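Reader: I am new to this structure. Please show it to me, and let me ask how the terms are earned.

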Amino acid sequence: MESIPSLPPKERLILDLLVSEAPLFGLQLVALSGGALKRGTVYVTLGRMEAKGFLRSEQEAIPPGAIGLPRRMYYPTPLGQRVLRAWSLMARELVPEMQT
Amino acid sequence: MTASTPQHRLPGHRLLTLARLVFDEPAISTIIRPALADLQREVQDAPGRAGRLSARVRGYVAFWKLVVAAPFMFPVSPTARPLTTLLLGASGGNALLVFVVALAVVSWPMFGSFIVAAAIGGAFVAVVLRRWYTRHPSALAPDNPMASRPKAEINLSSIPVAGDIGGLFFVVGAVMTVLLGVPAVRWFILGSMIGGFVLAVGVFAWRSSHPAKVSAASSILLR
């Protein structure tokens, strides 16, 4: 039997933010997290989540005349959304036990 | 910063060049470039000179945190840069060595030459223990028949502390560590050693007259 995909709290938060406000780039996620995500580690977490198939990313289109590196925008994948729903459901089901 | 600004004057341009020496392309595209792109845009959007300076500082601090953390959080790919492979090594062993060296350098003001003595003593003990276990393989940690070389690990449960040279090193090392670290407890340690010796003699005498019925390999307590 395949193991159930794990979803640590930070990855859950990122998926939560992306489901409600995608697309977002790294610094936006840090700003919206209210201090829960740090800009020194958020990109590693995003890379790991992309490798797990929970989100996808694409480079933003650079407007004519703009300079610099294009930002990477992140979107939740259908798998990521299903995993988030499953974990949210499990958390709701276990609320009485988790509060004791 | 406008479209006429040369690329090499953008914040993070040199950091990207530096990162290319350390990280492989997958890590550059998934971690480093997004971080630097956000840094550049934040600096461009910041109001005023002070705001841009503040954004730069925040971005640079975050970048270096990323550089330190990424090797430990991101696996080395087969196409990794030589420097990455050198830094991490097999199973992160080189990264651990770098970490130990950094720890020694940072703690030098507190411990001074004790660090040198500890390093020499530790290396000597490691060599002796390695030689011992090469000649006397542990019965509790069977070798992986698929592995081409022994797996490097510290597995306390596989160290028979009860009655060999490894156990002696372990006990002496543990006692010396506590004694040097907390000299105020030296009398407590002395009392513990005497009590432990008496208890060991008692257990040895009991075992001599009452052999264990359970296989020694199945329980740490009975070894």
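Author: Start with one pair. This is a predicted model, and in it B:E42 forms a salt bridge with A:R39. The closest N and O atoms of the two are 2.9 Å apart.

Reader: Why is the pair of B:E42 and A:R39 called a salt bridge?

Author: Set the distance against the cut-off. A side-chain nitrogen of Lys or Arg must lie within 4 Å of a carboxyl oxygen of Asp or Glu. Here the closest N and O atoms are 2.9 Å apart, so A:R39 and B:E42 qualify. Side chains of opposite charge can pair when their charged atoms come close.

Reader: How many salt bridges are there between chain A and chain B?

Author: The count is 2 between these chains. Over all chains, the structure holds 7.

Reader: What makes A:E11 and A:R48 a salt bridge?

Author: The test is again 4 Å. Their closest N and O atoms are 3.5 Å apart, so this pair passes too. It links distant parts of the chain. A:E11 sits in helix α1 of chain A and A:R48 in helix α3 of chain A, 37 residues apart.

Reader: Which residues supply the most of the area that chain A buries against chain B?

Author: First the total: chain A and chain B bury about 2100 Å² between them, 60% of it on carbon and sulfur atoms. A:R39, A:I67 and A:L69 supply 35% of chain A's part, more than any other three residues. In terms of contact, 19 residues of chain A meet 29 residues of chain B.

Reader: How many residue pairs are in polar contact across the interface of chain A and chain B?

Author: The rule finds 7 such pairs, with both residues at pLDDT 80 or more. On chain A's side, α2 (26–32), α3 (42–52) and β2 (72–76) each supply at least two residues. The largest share, 3 residues, comes from α3(A). By class, chain A's side divides into 9 nonpolar, 5 polar and 5 charged residues.

Reader: How do you know that α1(A) and α4(A) meet?

Author: Contact means heavy atoms within 4.5 Å. By that test, A:R12, A:L15, A:D16 and A:V19 in α1(A) meet A:G80, A:Q81, A:L84 and A:W87 in α4(A), so the helices touch. They pack at an angle of about 115 degrees, with their axes 10 Å apart. The crossing is left-handed.

Reader: Which peptide bond is cis?

Author: The bond from A:A22 to A:P23, with omega near 0 degrees. A:P23 lies in the loop between α1 and α2 of chain A.

How values were computed:
Residues numbered from 1 in each chain as written. Chains lettered and ligands numbered in written order. Predicted model: local features only at pLDDT ≥ 70, side-chain atom pairs only at ≥ 80, totals over all residues. Heavy atoms only, no water. Buried area = accessible area lost by both parts, 1.4 Å probe. Polar contact = N/O pair within 3.5 Å; in protein donor to acceptor, adjacent residues only side chain to side chain. Helix = DSSP H or I, 4+ residues; strand = E, 2+ residues; numbered from the N terminus. Nonpolar A, V, L, I, M, F, W, Y, C, P; charged D, E, K, R; others polar. Axes fitted to C-alpha atoms, helices over the stretch in contact; angles between N-to-C directions. Left-handed = near helix turned anticlockwise from the far one by under 90°.
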